[in-house]
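Please open the structure in your viewer and keep the selection panel at hand. The tour proceeds by short steps, each naming what to select and what is found there.

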Amino acid sequence: VEPLAAVRWAPGFDAVRIIDQRRLPSEFVERDLSTVDEVCDAIATLAVRGAPAIGVAGALGLAAALAAENGAPLRACAERYAARIRAARPTAVNLPRAIDRVMAAVRAAPDADIARVARSVATEILEEDRAMCRRIGEAGAGLIPDGARVLTHCNAGALATAGIGTALAPVYVAAEGGRHIEVFADETRPLMQGARLTAWELARAGIPVTVIPDSAAASLLGSGAIDLVLVGADRIATNGDTANKIGTYGVAIAAKRHGVPFYVVAPTSTFDPATPSGERIPIEERGREELPCVPDGARVFNPAFDVTPAELITAFVSDTGVHYPPYRF
Ligand code: MRU
C-alpha cells in the first residue's frame with residue numbers, strides 16, 4: 001500500500017494538504033488549508049493531530065497563509081498569524097517550536113523575501129520530520145523481537161506525523177524486515193484515536209492489530225500477554241517527565257507493576273529544553289461535548305493529556321538513538 005501522508009504541501013505550495021482525521025475510519029478525505037482560520041480550526045478540532053503533525057501543519061500553514069497575502073504588510077501579518085497558530089493547542093511543544101523556527105527566519109529576512117523564507121523553513125521542518133520518523137524506526141526496531149506483542153495508546157503512527165510515525169515507526173521497520181508483530185491498541189477515550197486511527201493504519205499496512213477498551217490495559221499487562229509498551233509524546237521535559245495522551249500515565253503504572261518495558265518514542269522536536277519538569281507542562285482541557293452520556297446536572301473534567309514521571313519510563317527512543325536513565329535532555 002502507498003505510504004500515508006497525513007500532512008504535506010498541496011501542489012504549488014499554496015496550501016497545506018491534510019488527511020481529515022475527524023472522518024476516519026469511515027471516510028478518507030483530504031483537505032487543503034490556506035488561511036490562518038482554516039489552519040487553526042483544523043488543529044483545534046483534531047482534523048490534523050499528533051505532536052509532529054501539528055508542528056508541520058502549523059509551519060506549512062503559516063507559510064501558505066503568507067503566500068496568499070497580496071499587498072498586505074507581510075511582516076505584521078506574519079507576527080499575527082504566528083501568534084494565532086502557535087496557540088491553537090497548548091500541550092505539544094512541536095507546534096510553538098515549529099512556528100518559532102519559521103518566525104526566526106522571517107524576522108531575519110528582508111521584506112521581499114518573507115514569503116519565500118517561510119516556505120523554505122517550513123519545507124525543511126516537513127522533510128526533517130519524515131527523516132526523523134525513519135531514524136526512530138531504525139533505532140527502535142531492535143527493541144521488538146519476532147513474535148512480539150506490543151501495547152500502544154492513542155495514535156503515534158503515520159497519521160500523527162509527516163512520515164511513518166513515532167511509536168509505530170519501529171513496528172513498521174521491524175515488519176518490513178520480516179518480523180511478525182502483533183499490536184494491541186487502547187481505544188483511547190474519549191476521541192478514540194486508538195480505535196479509529198491506530199487500528200485503521202495498522203490494518204491498512206497488514207499488521208495484526210487488536211483494539212481493547214482502555215480499561216482492559218492493566219489486566220492485559222498483568223496477564224503476561226504484552227512484551228513491551230510503545231507510546232508517543234507531546235512534550236518531554238529535560239528531566240524525562242513526559243506528557244502524552246490522557247491515559248498514558250495509567251498504562252505506565254500498570255507496566256511498571258508487571259515488569260513490562262515502557263518506551264516513549266519521540267523525535268528531537270518533542271524534547272523541550274525550556275521545560276525542566278512535568279509540572280510545568282501545560283495540559284489542554286477540552287469540552288464536555290467530547291464525553292457522551294453525561295447528564296445536564298453533572299460537571300465534566302476532560303484533560304487531553306497526562307504526565308508520566310520519568311521514573312516509570314524504561315527508555316526513550318528518538319532519532320538520536322535509545323536513551324536509558326538517568327535522563328538529562
Ligand atoms: O490529541 P492528539 O490526538 O493530538 O494526541 C496525540 C498524542 O497524544 C500522541 O501520542 C502524541 O502527539 C505523539 S504523536 C507521534
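In what order do the three strands of the open sheet stand? Before selecting them, please note that the model is predicted. The order is E8-E9-E11, and the pairing is antiparallel.

**The sheet**

Select strand E8 (235-236) and strand E11 (305-308), which stand at the edges of the sheet. Each of these two has a single partner strand, so one side of each is left without a neighbour in the sheet.

Next, display E8 together with E9, two antiparallel strands joined by two bridges. Begin with arginine 235, whose bridge partner in E9 is alanine 243. Then select isoleucine 236; its bridge partner in E9 is threonine 242.

Now follow the chain through the hairpin of E8 and E9, where five residues lie between the strands. Select glycine 240 in this hairpin: its phi is positive, near 95°.

Turn then to E9 and E11, which also run antiparallel and are joined by four bridges. Which residue of E11 is the bridge partner of alanine 243? The partner is valine 307. Alanine 243 is thus a useful residue to keep highlighted, with arginine 235 as its bridge partner in E8 and valine 307 as its bridge partner in E11.

**The ligand and its shell**

Select the ligand and display the residues around it. How many residues surround the ligand? There are 18, and the closest are Arg49, Ala51, Arg89, Asn244 and Lys245. Colour this shell by class to find eight nonpolar, six polar and four charged residues.

Next, highlight helix H2 (51-68) and strand E9 (242-245), each of which supplies at least two residues of the shell. Strand E9 therefore links both parts of the tour: it pairs within the sheet and contributes to the surroundings of the ligand.

**Contacts with the ligand**

Show the side chains of three residues in turn. Start with asparagine 244, where a side-chain N or O atom is 2.6 Å from an oxygen atom of the ligand. Move to glutamine 193, which places a polar side-chain atom 2.9 Å from a ligand oxygen. Finish with aspartate 234, which also has a polar side-chain atom 2.9 Å from an oxygen atom of the ligand.

Is the ligand buried or exposed? Taken alone, the ligand exposes 420 Å², and the protein buries 100% of that area. As a last step, display the cavities: the space taken by the ligand is the largest cavity.

Methods:
Residues are numbered from 1 along each chain as its sequence is written. This is a predicted model: local features need pLDDT of at least 70, side-chain atom pairs count only at pLDDT 80 or more; totals for chains, interfaces and linings use all residues. Side-chain values use heavy atoms; hydrogens and water are left out. A residue is near a molecule or strand if one of its heavy atoms lies within 4 Å of it. A polar contact is a pair of N or O atoms within 3.5 Å; within protein, one must be able to donate a hydrogen and the other to accept it, and residues adjacent in sequence count only if both atoms are side-chain atoms. Accessible areas come from the Shrake-Rupley method with a 1.4 Å probe; for residues, only the protein chains shown count as cover. On a 1 Å grid over the protein atoms alone, a cavity is a set of points where a 1.4 Å probe fits but cannot get out, and a pocket is an open set with protein on both sides within 12 Å along at least five of seven lines; lining residues have an atom within 4 Å of a point. A molecule sits in a cavity or pocket if more than half of its atoms lie within 2 Å of its grid points. Ala, Val, Leu, Ile, Met, Phe, Trp, Tyr, Cys and Pro count as nonpolar, Asp, Glu, Lys and Arg as charged, and the others, Gly among them, as polar. Two strands pair if DSSP finds at least two bridges between them.
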